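User: Please take a close look at one part of this model, the contact between the two chains, and explain how it is made up.

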Amino acid sequence: MAEAIKYRKERIDRGIKARSDTIYMLSSYRELLYILFPRVLPISFLLLSPIFIGGGYWGKVIFYSCTFALLALSWDLLASVGLISLGQALFFGVGSYVAGGFNFYFKWPLFLTIPLATFGGALICTFLLVPVLRLRGVYFSMVTLILPLLFDHLIETLEILGGTHGLLSLSPFPSHWMAVYIAVVSVILCLFGFRRLLHEDYGFVLRGIREDDRVVMAGGINIYWYKAQTIFIAAMVGCFAGALMTHYYQFVGRSAFALDNTILPLAGVVLGGSGNFAGSVLGTFILVPLSEALRALGGLRMALYSLILIIALATLPEGIFHYLERKYHQFERMVSI
Amino acid sequence: MADEVILKVENLTKRFGGIIAVDQVSFELKQGEFLGLIGPNGSGKTTLINLITGFVKPTSGRIYYRNMEITHCPPYQIACLGIARSFQMVRAFHKIPAYKNLIVPLYSPRVRKLSGGKYGERDDMAIDLLDDFGFERDSFVPYKPAGSLPHGYLKRLDLARCMALRPELLILDELFSGMTMSEVSATLPLIEKFNREGLTIIMVEHRLKELFRVANRVIVLNFGRKIADGPPREAMSQKEVQRAYLGTETEG
């Protein structure tokens, strides 16, 4: 038998928030620091880590983490309007092939192909997904899952865009540092930009669509137009990540459409916690280096990796970021009943 | 102007499979009228509202709003023409603070065209509006997530959401269901005031006593058909209406 419970945990908000989450009332430098710390910490970590880690293998891992973080951010943006996508590989692959194709066949420099892949690729993805905007839930997910497979098989069987061999010897970035810092800065911009966006009036419309699309329709807003816009923004981020990766590896092949590019960012979001973008970045920056560190284990790697994921989810189903956020904004004490 | 026909419904029919939910319903609604829409459960009141607001497409028949056909318009276009509706079941954005719930209609093309609204202004507009509906601006109520508010508040939030759209025709689907007596008596004068100021209102309601205090015309539906149309007392005194509400009387 359990003993009679004498104490319970009480959670108290730190008294800084004034009414809304966008207006703060600060009365001391300590409070200013309290607000700034969670923002400065990730920015400085992202900006400084490439310097401390340097080039070489782990430098590549930083770059790799950034591209997956971009994909995770793109997933989280879609989720915030209620679209559960399983097709980050679609964005990634289309971006990769647009950048790779223009670089390989027309010899366009990467400073043209990357923006072109970002906008053009996003347009292609949006046009592909607009017909299925009316589908909800799992049906939308299925279509996004199938589209990358379709491209994969088209390239394989028609032997276009390099077929099974892929497009080789594309132009590289002038230096490793440039590639890493483009990736890092774009992660920071997307992270804080998306967080800002969802607190704007526009973002509240998107959140409204996720919660109850009929109420949004009754409010005089064309939800399909807003969903299409969101897909375009999310696709831009995903295509950009693909284009970066293409030029970093100087190669684009069918692996760009691989399921890994969908699952790994999604696992990152789940681990970090969805709905606030910070969790997605945190999750991918834990998972990607972790899966690289486990590479030495060979075959056991995937098993151990899955085990870590399961344990993390079982103990912190809300995601690491939500947990940290709660600990930061609330203090707990035991009170007797 | 006062006699202008704002809404015209012609032979509207909606079938769901073998069931006829709305059967050849026709009526005209003039500017400034307060129409009560009543009938027993399952008589097609909500379906009729869904048809008018475009959420359900009719099997046959036409709907005109200010002489413009809106039969096949999508819901958001109909809302942007100035037809606001509330929902029978409480629908709100539960995770969003109550006042932010109003951002959606305030951000619609209709309201942006009518009143602009620059950066940050919509928050003030929303809080001002909610203040009129009993969400006191100095309390914590408007800033709490909608999901944590009691039912009566959510119903009034729904009404506020409709009014945020600056409607010319307001359609209320059982606004008072689940409200306490004091909430009803606080809300009823508000609706009366909107009507006096020229707003045309259609109200579906089961609380007939409250409805007849404000409505100047009543349409009674039964099994999807319109069985009575007129001032409340006249409509209710008809044999067919009494049969629909009370069942067939045994002679004696």
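Analyst: What follows describes the contact between chain A and chain B, and then a residue that links this contact to a nonpolar core. This is a predicted model, in which local features need pLDDT of at least 70 and side-chain atom pairs count only at pLDDT 80 or more, while totals for chains, interfaces and linings use all residues. Residues are numbered from 1 along each chain as its sequence is written, chains are lettered from A in the order in which they are written, and side-chain values use heavy atoms, with hydrogens and water left out.

The contact (heavy atoms within 4.5 Å) takes 24 residues from chain A and 32 residues from chain B. About 2,500 Å² is buried between them, with 61% given by carbon and sulfur atoms; this area is the accessible area (1.4 Å probe) that the two parts lose on being put together, summed over both. Between the chains there are 2 salt bridges, a term for a side-chain nitrogen of Lys or Arg within 4 Å of a carboxyl oxygen of Asp or Glu. In a salt bridge, B:Arg122 meets A:Asp201 at 2.6 Å, N to O. On the side of chain A that touches chain B, the elements giving two or more residues are helix H6 (176-199), helix H7 (201-211) and helix H8 (213-218), helices being DSSP runs of H or I with at least four residues, numbered from the N terminus. The largest share, 8 residues, comes from H7(A).

Leaving aside neighbours within four places in sequence, A:Tyr226 is in contact with B:Tyr107 and B:Arg112, and also with residues of chain A including A:Tyr202 and A:Leu206.
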